[in-house]
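Subject: Structure handover

Hello,

Here is the structure I promised to pass along. Please open it first, and then read my notes below with the model in view.

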Amino acid sequence: MRRMLGGDLERKSGNLSVRGSRIHGQGAFAERPFAQGDVILGIDDSDPVADRSKLTPQQSIFIDVFVAADGSEKTTWMKSPEKFINHSCEPNAYVLTDMRSGVRWIRAVKTVARGDEITWDYAINIWEEWIGPVSCRCGSETCRRIVQGNYFTLPREFQRRYLPLLDEPFMRRFAKEIESLHLTAEHGTA
Ligand SMILES: [Zn+2]
C-alpha cells in the first residue's frame, strides 16, 4: 500500500488545493469537477502513529483512526491535503476502501463543481467518541449544529442516510452493531 501511494500523482493530490474555508480554518477545494462516484483522492496511510496514548489533544486533531481492509484498527498521521478536509453534515465526499489493495479512496457522493470545498462527515466509519464537541458551521439545511459522537450516536435519519456511504471494513467489523440499529437504506444515498 505504501508503495502504491508513494507517488504524489498516483493518489491524485493535484485534484485538491488547500485554502481558507468558510467552514473552518483551511479547507480542501476541488481543482476539477467530479461526477458521483469519481475518485477524488487516495488517502496516504503510510505514517502510523506509534503510541496514541502519548499524543496531546492538539496532535490528536490530525490523526485518523480507522478499520483497515484486513480488519485491523489503524491509527495514522493525516497528510495534506486530506487533513484539511472539513466536516459537513451534508458531505460531498466519502471513503471507500479498495479491499484488494487496501487503499482508501475518497470518492464523490454527488456532483462536485470545480472550486467546491470537499467535505466529509466526521461521524461516518467512526466508532469512538470523537474529540470535541465543537460547533458546526457547515451551513447545510440539515446541520446538526454540533460535531460529536460517532456513527452509532448519530440521529437515526443520519444513520439511515449514511448506510450506503459506510466503508466495507467498518461494516464488517461492526456488522452486529449496525444490524441491531434495524436500519434500511430505502431512502437511498444522501
Ligand atoms: Zn453541520
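Let me begin ahead of the first strand: Lys12 sits in the segment before β1. Its backbone caught my eye, as Lys12 has a phi near 65 degrees, which is a positive value in a residue other than glycine. Lys12 counts as partly exposed, because it has 16 C-beta neighbours inside 10 Å. Please keep in mind throughout that this is a predicted model.

Now for the overall picture. The chain is made up of four helices and eleven strands. Its C-alpha trace spans about 40 × 35 × 35 Å along the principal axes. A compact globule of 190 residues would have a radius of gyration near 16 Å, and the chain agrees with that, at 16 Å. Of the 190 residues, 30% count as buried. If you look at contacts with a separation of 6 or more, 69% of them join residues 24 or more positions apart.

Next, the sheet that contains β1. This is an open sheet of four strands in the order β1-β2-β9-β6, and its pairing is mixed. At the edges are β1 (16-20) and β6 (86-87), each of which pairs on one side only. Between β1 and β2 there are five bridges in the antiparallel sense, and Arg19 of that pair has Gly27 in β2 as its bridge partner.

Gly20 also belongs to β1. Is Gly20 buried or exposed? Gly20 counts as exposed, because it has 9 C-beta neighbours inside 10 Å and the cut-off for exposed is 12 or fewer. From Gly20 to Glu117 the C-alpha distance is 9.9 Å, although the two residues are 97 apart in sequence.

The core comes next. In general, nonpolar side chains in soluble globular proteins tend to be buried together. Here the largest nonpolar core has 30 residues, and the members that touch the most others are Ile40, Ala93 and Ile118. At least two residues of this core come from each of β2 (26-30), β3 (39-42), β7 (93-97), β8 (104-108) and β9 (117-120). Which residues does Ile40 contact, once neighbours within four places in sequence are left aside? They are Asn15, Phe34, Ala93, Ile106, Arg107, Ala108 and Ile118. Both Ala93 and Ile118 are therefore on the contact list of Ile40 as well as among the three residues that touch the most other core members.

A separate strand pair is worth a look too. β4 (residues 63-67) and β5 (residues 73-77) pair in the antiparallel sense over five bridges, with Val67 facing Glu73 of β5 as its bridge partner. The hairpin has five residues between the strands, and there Gly71 takes a positive phi near 90 degrees.

Finally, two more backbone details. The peptide bond from Ser80 to Pro81 is cis, with omega near 5 degrees; Pro81 lies in the loop between β5 and β6. Further along, Arg145 has a phi near 70 degrees, again a positive value in a residue other than glycine. Arg145 is found in the loop between β10 (134-135) and β11 (146-147). It counts as exposed, because 10 other C-beta atoms lie within 10 Å.

Happy to talk any of this through.

Best wishes

Notes. Residues numbered from 1 in each chain as written. Predicted model: local features only at pLDDT ≥ 70, side-chain atom pairs only at ≥ 80, totals over all residues. Core = buried A, V, L, I, M, F, W, Y, C linked by C-beta atoms within 7 Å. Buried ≥ 20, exposed ≤ 12 C-beta atoms within 10 Å, placed from the backbone. Contact = placed C-beta atoms within 7 Å. Pairing = 2+ DSSP bridges. Rg over C-alpha atoms; globule rule 2.2 N^0.38 Å.
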